[in-house]
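This report examines the metal site and the backbone of the protein shown below. Please keep the sequence and the model in view while reading.

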Amino acid sequence: MAHLPVAEGVFTWQADEPQLIGSRCAACAIVTFPRQGSCPRCGSTEMGEHLLDRRGRLWAWTTQDYPPPSPPYAGPNGNEFAPFGIGYVELGGEVKVETRLTEANPEALATGMEMELVLIPLHTDDDGNDVVTFAFQPVA
Ligand SMILES: [Zn+2]
């Protein structure tokens, strides 16, 4: 049994302080997440890997109170489902990242609050591996 990332190339793996892996255009400097092979603004294909800040500000959010359609959703369903927050976190003034939030209580979330990247368990796969995904949690 092992820990596995939900997908390759989304966040730095086996790092003490994980970071999301985005890309930055060498021509116009736009930052994207996830990583892209060509620039959505100017069309350049000179997109270099760019690690995103681990902290940012909550830009918009809501709560997911029932399981999303599966696939692509791969988390727990039925009685095992637990509501979670979803939102956009603005990182470094560079990019807004659509993300799961660790907090599902609307009373504990506020636009503009400081958030930090964490890795959380998502589910156990058929081989018994713990699959890990990224989320943002409020900074205490
Ligand atoms: Zn560009």
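A disulfide is a pair of cysteine sulfur atoms within 2.5 Å. By this criterion the structure, which is a predicted model, holds 0 disulfides.

**The zinc site**

Four cysteines instead serve as protein donors of the zinc ion: Cys25, Cys28, Cys39 and Cys42, each through its SG atom, at 2.3 to 2.4 Å from the ion. Along the chain, these donors follow the spacing C-x2-C-x10-C-x2-C. The arrangement is tetrahedral because the 4 donor atoms subtend angles of 104 to 118 degrees around the zinc ion. For four tetrahedral donors, the ideal angle at a metal is 109.5 degrees.

Cys39 has a relative accessible area of 5% and is therefore buried. Cys28, at 23%, is partly exposed, and Cys42 is also partly exposed, with a value of 41%.

**Backbone features**

Two residues that are not glycines have a positive phi, as the table shows.

| Residue | Phi | Relative accessibility |
|---|---|---|
| Gln14 | about 65 degrees | 64% (exposed) |
| Ala29 | about 75 degrees | 35% (partly exposed) |

Gln14 belongs to the loop between strand E1 (3–5) and strand E2 (21–25). Ala29 is placed in the loop between E2 and strand E3 (31–32).

Cis peptide bonds also occur: one runs from Ser70 to Pro71, with omega near -5 degrees, and another from Pro71 to Pro72, with omega near 15 degrees. Pro71 is found in the loop between strand E5 (55–64) and strand E6 (84–91), and Pro72 likewise lies in the loop between E5 and E6.

How values were computed
Residues are numbered from 1 along each chain as its sequence is written. This is a predicted model: local features need pLDDT of at least 70, side-chain atom pairs count only at pLDDT 80 or more; totals for chains, interfaces and linings use all residues. Side-chain values use heavy atoms; hydrogens and water are left out. Donors are N, O and S atoms within 2.8 Å of the metal (3.2 Å for Na, K and Ca); water is not among the atoms, so sites may look incomplete. Four donors count as tetrahedral if all angles lie between 85 and 135 degrees; four count as square planar and six as octahedral if opposite donors are over 155 degrees apart and all others between 65 and 115; anything else is irregular. Buried means under 20% relative accessible area, exposed over 50%, partly exposed in between (1.4 Å probe, protein chains only). Helices (H or I, at least four residues) and strands (E, at least two) are DSSP runs, numbered from the N terminus.
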